[in-house]
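Reader: I've got a structure I'd like to go through with you, asking how each label is earned. Shall we pull it up?

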Amino acid sequence: MRPTLAILRRELGAYFATPVAVVFIVIFLGLQGALTFNVGNFFARNQADLIPFFNFLPWVLLLLVPALTMRQWAEERRQGTIEMLLTLPIAQTHAVLGKFLAAWAFCTIAILLTFPFVITVNYLGHPDNGAIAAGYLGAILVAGCFLAMGAAISAATKNQVVAFVLAVAACFAAFAAGTPIVTEFLARSAPALSDAARLAGIGDRYGGFTRGVIAVPDLIYFASFILFFLVTAVVVVDHKRAD
Amino acid sequence: MDDLSQDLIEISGLTKRFGAFTAVDGISFNVARGEVLGFLGPNGAGKSTTMRMLAGFIRPSTGTARICGHDVQTDGIKARAALGYLPEGAPTYPDMSVEDFLGFIARIRGYAGSEARDRIAEAARLTTLGEVMRLPIETLSKGTKRRVGLAQALLHDPDVLVMDEPTDGLDPNQKHQIRDLISAMAARKAIIISTHILEEVDAVCTRAIVIAQGRVVADDTPQALARLHPSGRLDDVFRTITAPATAPGTVKDAA
């Protein structure tokens with residue numbers, strides 16, 4: 001645990017030591033605000049809830065989270081620091097987990113910085129704050145899934161642009177598979193795949209959280225999803241360490 | 001552990017193949033406490049690959065490497081805990097200050113509080129980094145960056161020190177200083193340094209191994225090696241015994 005915490009601390013420090021943190025948070029909040037207020041008709045709906053906000057959140061994350069993960073391993077490999085890091089007396093699991101937790105903590109900070117939305121709806125009406133809390137939990141879990149996938153992809157390449165583009169594509173596919181647009185399309189053209197896509201995709205699971213439902217199977221799904229891609233990242237780092 | 005003649009580094013039949021190319025071909029040698037081994041050979045001879053296998057960074061195709069009795073593959077964490085390793089090019093995190101970087105290494109190595117501060121201060125003193133501790137590493141000169149890498153390797157006062165070209169990029173004064181540092185530590189540790197500077201071998205090494213095309217072609221004291229050529233100069237010996245490896249078609253040192 002100690003090496004994991006040391007790596008977590010270093011990685012989190014690196015976000016704030018470079019412009020990454022400021023750029024990420026400003027663009028994230030700006031984009032999320034613009035989409036919620038303008039495209040989502042936040043005020044015109046005349047409803048005291050954060051449904052438009054939570055509908056757009058995963059799509060903004062999908063675009064920005066790969067920017068955090070692309071440098072995670074690709075940068076270590078490019079700078080040669082991976083050789084220094086992996087010859088310290090730590091297991092690769094510590095390194096992968098430390099980097100993942102740092103990115104997840106950073107994303108959680110960014111997501112929680114959207115708190116003015118919560119204050120706004122509470123000022124304007126009487127929202128279901130339990131459902132809002134569940135939505136936030138869902139969003140943080142979605143970010144965790146995107147980060148775990150991004151980590152595995154970053155471990156596989158030395159090129160940050162490749163890592164970014166592949167991670168956006170993978171996050172999009174994993175999220176969209178569970179959204180109504182895809183499942184309804186599949187229900188018409190290939191019914192057998194429709195249920196599979198809904199079960200495997202992140203979108204449908206997240207939808208439950210935004211409606212205020214925290215179901216144990218969904219929590220198990222998110223935990224397994226994150227774990228699977230972190231284990232993949234450990235295997236890939238080990239396999240590609242000397243390339 | 002206090003037996004001064006024990007072999008702290010044991011390398012046996014170490015081989016690394018990258019596809020059809022054999023970078024390191026059945027290298028075996030031991031290094032005892034008190035020895036400073038100069039690791040010589042032309043570029044691409046397999047020096048860095050051997051050191052990377054010893055440090056546990058790349059997995060050997062066959063053969064074993066042990067540090068203080070711990071196999072670097074099967075008991076890697078214990079082996080690496082006893083090892084100070086300076087990789088080629090002395091990589092460090094450019095966005096961190098020297099102080100933060102050494103603090104990170106100290107935490108990873110399990111030091112906390114005043115013990116961590118003492119370790120960092122001592123490593124900084126040995127590598128004369130005192131004045132640049134608060135500066136970001138990316139703003140430092142090449143020689144200073146190398147000394148930061150060296151401080152990282154020395155922080156835990158390891159029994160085994162493996163350094164890939166530790167004086168590359170240093171000015172003559174700094175080179176002299178690092179050689180003095182190595183000589184001062186020599187009695188307590190087993191040290192391997194790779195270098196292209198043959199005078200360095202004369203100055204600090206008690207033993208020299210020359211490798212060419214992945215094989216050990218000479219293993220002796222620098223003085224005995226120098227006698228292999230009528231001129232009595234190490235660089236003439238080096239050129240004679242490694243000549244085939246510098247022929248066209250030599251593959252660059254992998255990775």
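Reader: Why is the sulfur of A:C145 not in a bond with the closest cysteine sulfur?

Author: Quick note first: this is a predicted model, where local features need pLDDT of at least 70, side-chain atom pairs count only at pLDDT 80 or more, and totals for chains, interfaces and linings use all residues. Residues are numbered from 1 along each chain as its sequence is written, chains are lettered from A and ligands numbered from 1 in the order in which they are written, and side-chain values use heavy atoms, with hydrogens and water left out. Now, a disulfide needs two cysteine sulfur atoms within 2.5 Å. The closest cysteine sulfur to that of A:C145 is in A:C171, at 9.0 Å, so that's too far for a bond.

Reader: What makes A:C145 buried or exposed?

Author: Buried means under 20% relative accessible area, exposed over 50%, and partly exposed in between (1.4 Å probe, protein chains only). A:C145 sits at 0%, so it counts as buried.

Reader: And how do you know whether B:C68 is in a disulfide?

Author: Its nearest cysteine sulfur belongs to B:C205, 19 Å away, and B:C68 is in no disulfide. B:C68 has 16% relative accessibility, so it counts as buried too. Searching the whole structure turns up 0 disulfides over all chains.

Reader: What makes the pair B:R52 and A:E83 a salt bridge?

Author: The term asks for a side-chain nitrogen of Lys or Arg within 4 Å of a carboxyl oxygen of Asp or Glu. For B:R52 and A:E83, the closest N and O atoms are 3.0 Å apart, so the pair fits that rule. Between chain A and chain B the count is 3 salt bridges.

Reader: How many residues does each chain bring to the contact?

Author: 26 from chain A and 26 from chain B, where contact means heavy atoms within 4.5 Å. The two chains bury about 2,500 Å² between them, 63% of it on carbon and sulfur atoms; that's accessible area (1.4 Å probe) lost on putting the two parts together, summed over both.

Reader: Last one: why does A:D218 count as buried?

Author: A:D218 has 12% relative accessibility, so it lands in the buried class. A:D218 lies in helix α12 (residues 216-240) of chain A, a helix being a DSSP run (H or I, at least four residues), numbered from the N terminus. Setting aside neighbours within four places in sequence, A:D218 touches A:R205 and A:F209.

Conventions
Helices (H or I, at least four residues) and strands (E, at least two) are DSSP runs, numbered from the N terminus.
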